[in-house]
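Okay, thanks everyone for squeezing me in. I'd like to walk you through one model today, so have a look at the screen.

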Amino acid sequence: METGDRNLPYVSSTPILSCQDLAKDFFEGRKKTTILTDLNLQVEQGDFVTILGQSGGGKSTLLKLLGGFILPSAGQVLFHGVPLKKITSKIGMVFQENTLYPWLTVEQNIGFGFKIRGKKPDQYAAKVNHVLEKVGLTQARQLYPQQLSGGMKQRVSIARSIAVQPDVLLLDEPFSALDIQLRRQLQMFLASIWEDTATTMVLVTHNVEEAILLGRKLIVIGDKPGRIIETVDISQQQFRDRYDNDFLELQRHLESVIETDVNTQAALVKAGETR
Amino acid sequence: MGCGLLSCAVLVGLWEGVGSNSENPITQVLPPPSQFLPVLFESDFKIGLGSQAASIYQSVAVTLVRVLLGMAIAFIGSIFCGLLISLSKWSELFILPILGLIAPIAPIAWVPLALVVFGISNLTAIFIVFMGVFFTLTIATVAEIKRIPENLLMTAQNLGGGSFARWRWVIVPAILPGIFTLLRLNFIAAWMAVLAAEMTGLRDGLGTVVMTGRNLFNSDLIVLGICIIGISGFAVDRLLLLIQRKFFWWQV
């Protein structure tokens, strides 16, 4: 396992999260739609995996499967080598939007993971303060979500998930509702959180640039049905510069991979219709 | 607020203008404030005859307590029942239609039944308010629970919350503002129901003031009663709005 020069709590041979022959079908009446098929994937401890694909291409479904939010139609998800059957607080999830409790302040939202487990405020106040400081939200602690900008809201969401110290953090297009400037700020924010906490992260995005910038391992999911069409290991040369030549080349390559897949699938569908 | 006061002042002015001519038949039926307000002071704020006379404050208080108590019981009860119903798909299928059938019954229609069961007492009035509000609010609670964004519930579970904790800390706060808004809208119905009950069966409260006026052929008293009903109804509505803005301001 490639760990670079980061100090990880431990290095084990089993990947922290993996899936074997994973498939998911949805039914609309009797009509079966295959969303994902034959998915094999391994996420190593401390890694940052980005999953790239078209909108509506089953990326979010894959993430929900990895978090135990839904169960697969075939195959299984293994967490620390054990089949995952339900939602666990060890695998945190950050959704695209609509995740902060509007009746709670920033501080209370971040402490919510403790409160909902029946902890008393004085038991977790120190932890909340620590997280607030780390994510730079100390000034905003008394504000309510409706008083926050979109970028701040997502920072609070991430902070809330980090506060309960999950082993893995799943992020479902966390920045796609934001404008480009904020998006870049938050990408750097997330990268620094990852470096600080050594939390394993899996991020889903349709933005090629974001996927390359943040990931150490990059997985491209094809459309209809969703399956892995390309895996790129970039742990050796982690990009932080979006104008780097290698970066641009990889970006071009990935865009063409996605486009080719879309065209091939469209041709297949067309052939199926005429038959 | 200022505009409202101004238009009220204009209305009273017009009313006084028309009413200053005591020959005018309208004045007989609708005496202006300068004529009916002194009734309050002359009678030492008491309305009615002899030992039965209740002070005007008492009448207002009795009616308000009935409405607010009935609404409070219905509010808490309907949230509780709505939560229970939403626990299972079956109870939604079987119980909701019954509630849907009872909800449109005008609360006033319960008056005769309530008088038979509870007699002439505060219980009758509270029961009528309750019946007017409870079923609508219970249906609304079930609907509000369905409307909660799935992300809020999944996040709570993801953060380690058990099912009771999710009820207590997510579902209840998420539905409270919606239910309270509906309670406020239903206040008018509850208010009307209590007044109708007071006019037809009960012996005290604001509705009785108007009826006493009728029995005594005293149009001053009738109009006085009507005005107090209007003003206190308005005040309660504002109070509820204030509570809503202060305690249930968020939107899910």
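I'll start with the confidence numbers, then go through some helix packing, and finish with a handful of single residues.

So, first thing to say: this is a predicted model. For the complex, the predictor reports an ipTM of 0.82 and a pTM of 0.81. Chain B has a mean pLDDT of 87, with 96% of its residues at 70 or more. For chain A the average pLDDT is 84, and 93% of the residues score at least 70. One stretch to flag there is residues 1-7 of chain A, where the pLDDT is below 50. That stretch still has 16 contacts in the model beyond near neighbours in sequence, so please keep the score in mind when you look at those.

Now the helices in chain B. Two packed helices are described by the angle between their axes and the distance between the axes, and that's how I'll go through these.

Let's take helix 9, residues 163-200, against helix 11 of chain B. The axes are 10 Å apart, and the packing angle is about 160 degrees. Anything over 145 counts as roughly antiparallel, so helix 9 of chain B and helix 11 of chain B are roughly antiparallel to each other. Their crossing is right-handed. Who's actually in contact? On the helix 9 side of chain B, we have B:Phe180, B:Thr181, B:Arg184, B:Phe187, B:Trp191 and B:Leu195. Across from those, the helix 11 residues of chain B include B:Ile229, B:Val236, B:Asp237, B:Leu240 and B:Gln244. Sorted by class, this contact of helix 9 with helix 11 of chain B has nine nonpolar, four polar and two charged residues.

Next up is helix 10, residues 206-215, with helix 11, residues 219-247, both in chain B. Here the axes come within 7 Å and cross at roughly 165 degrees. That makes helix 10 of chain B roughly antiparallel to helix 11 of chain B. The crossing of helix 10 and helix 11 of chain B is left-handed. From helix 10 of chain B, the contact residues are B:Leu206, B:Val209, B:Val210, B:Thr212, B:Gly213 and B:Arg214. Helix 11 of chain B contributes, among others, B:Leu221, B:Ile222, B:Gly225 and B:Ser232. The split for this contact of helix 10 with helix 11 of chain B is eight nonpolar, four polar and one charged.

And the third pair is helix 9 with helix 10 of chain B, at an angle of about 45 degrees and with axes 7 Å apart. That makes helix 9 of chain B oblique to helix 10 of chain B. Helix 9 of chain B passes helix 10 of chain B in a right-handed crossing. The residues involved are B:Trp191, B:Leu195, B:Glu198 and B:Met199 from helix 9 of chain B, and B:Leu206, B:Gly207, B:Thr208, B:Val210 and B:Met211 from helix 10 of chain B. By class, the contact of helix 9 with helix 10 of chain B comes out at six nonpolar, two polar and one charged.

Okay, single residues. Is A:Arg160 buried or exposed? A:Arg160 is buried, at 2% relative accessibility. A:Arg160 sits in helix 5, residues 150-163, of chain A. Its contacts include A:Tyr101, A:Asn109 and A:Phe112, plus B:Thr155 and B:Leu159 over in chain B.

Now some backbone angles. Most residues other than glycine have a negative phi. A:Asp38, though, has a positive phi, near 50 degrees. A:Asp38 lies in strand 2, residues 31-43, of chain A, and is exposed, with a relative accessible area of 57%. A:His80 is another with a positive phi, about 55 degrees. A:His80 lies in the loop between strand 4 and strand 5 of chain A and is partly exposed, at 32%.

Another histidine to look at is A:His206, in the loop between strand 8 and helix 7 of chain A. A:His206 is partly exposed too, at 37%, and touches residues including A:Leu52, A:Lys59 and A:Glu173.

Last one: B:Tyr57, in helix 4 of chain B, is exposed, with a relative accessible area of 55%. B:Tyr57 and B:Lys46 are 11 residues apart in sequence, with their C-alpha atoms 8.7 Å apart.

That's my tour, happy to take questions.

Definitions and conventions: Residues numbered from 1 in each chain as written. Chains lettered and ligands numbered in written order. Predicted model: local features only at pLDDT ≥ 70, side-chain atom pairs only at ≥ 80, totals over all residues. Heavy atoms only, no water. pLDDT = per-residue confidence, 0-100. Helix = DSSP H or I, 4+ residues; strand = E, 2+ residues; numbered from the N terminus. Buried < 20%, exposed > 50% of the residue type's maximum accessible area, 1.4 Å probe, protein only. Axes fitted to C-alpha atoms, helices over the stretch in contact; angles between N-to-C directions. Parallel < 35°, antiparallel > 145°, perpendicular 65-115°, else oblique. Left-handed = near helix turned anticlockwise from the far one by under 90°. Contact = heavy atoms within 4.5 Å. Nonpolar A, V, L, I, M, F, W, Y, C, P; charged D, E, K, R; others polar. Lists of a residue's contacts leave out its neighbours within four places in sequence.
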